[in-house]
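Student: I should like to learn how to read the general features of a protein model. May we work through one example together?

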Amino acid sequence: MQENGKVTPQEIKGWNWGAFMYNVFWGIGNKTYLPLLTIIPIFNIVWIFIVGFKGNEWAWQKGDYQDVETFKAVQATWNRAGLFNFIIAVAIFVLYWVFIGSMIASLFNNY
C-alpha cells in the first residue's frame, strides 16, 4: 500500500498491541482515523484485530517519520502499554470467572 508516495518498509509490518488495545486513542495519536470504526458495535469485534495487524502500516503512511528506528521507538511505547493492558484484562477476566465459579459452588454446597 502506498499513500502520500510512501512505501511501507517490510520491517515495520506486524502486530501492534497499542493499536489493538487502545485503538481509538492510538488512531488519533497517529493521525490515522480508520481505528475510529471500532466505535461501531458488533463490527468492532473484527475490526480491532484488523487495527492490531495493519496499525503499523497505517501509522507509517500517515506519520512523518524520518527513519524506521524512530518509528519503532514511538510504537514500542504503544506496544508495551497495549501488551500490559492486555495481560491485565486477561487476568481480570480469569479472576472474574474464578469468583463466579466459587460463588456458584458455594451456593450448591449450601443446599
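Student: How many positive and negative side chains does the protein chain have, and how far apart do the centres of the two sets lie?

Tutor: One counts each set of charged side chains and then compares their centres. In this predicted model, the protein chain carries 7 positive and 6 negative side chains, and the two centres lie 5 Å apart.

Student: Which elements make up the protein chain, in order from the N terminus?

Tutor: Such an order is read along the sequence. The protein chain has four helices and two strands, running β-β-α-α-α-α from the N terminus.

Student: What radius of gyration does the protein chain have, against that of a compact globule of 111 residues?

Tutor: The value is set beside a reference for the chain length. A compact globule of 111 residues would have a radius near 13 Å, whereas the protein chain has 19 Å. Its C-alpha atoms fill a box of roughly 70 × 30 × 20 Å along the principal axes.

Student: What share of the residues is buried, and which atoms supply 71% of the exposed area?

Tutor: Burial is counted by residue, and surface by atom. Buried residues account for 28% of the 111 residues. About 7400 Å² is exposed, with carbon and sulfur atoms supplying 71% of it.

Student: Is Glu57 buried or exposed?

Tutor: A relative accessible area under 20% counts as buried. Glu57 is therefore buried, because its value is 9%. Glu57 belongs to helix 3 (residues 43–62), and its side chain makes a polar contact of 3.1 Å with that of Lys54. Leaving aside residues up to four places away in sequence, Glu57 touches Thr8 and Lys13.

Notes
Residues numbered from 1 in each chain as written. Predicted model: local features only at pLDDT ≥ 70, side-chain atom pairs only at ≥ 80, totals over all residues. Heavy atoms only, no water. Rg over C-alpha atoms; globule rule 2.2 N^0.38 Å. Buried < 20%, exposed > 50% of the residue type's maximum accessible area, 1.4 Å probe, protein only. Areas by Shrake-Rupley, 256 points an atom, 1.4 Å probe, with all protein chains shown as cover. Lys, Arg positive; Asp, Glu negative; His and termini not counted. Charge placed at Lys NZ, Arg CZ, Asp CG, Glu CD. Polar contact = N/O pair within 3.5 Å; in protein donor to acceptor, adjacent residues only side chain to side chain. Contact = heavy atoms within 4.5 Å.
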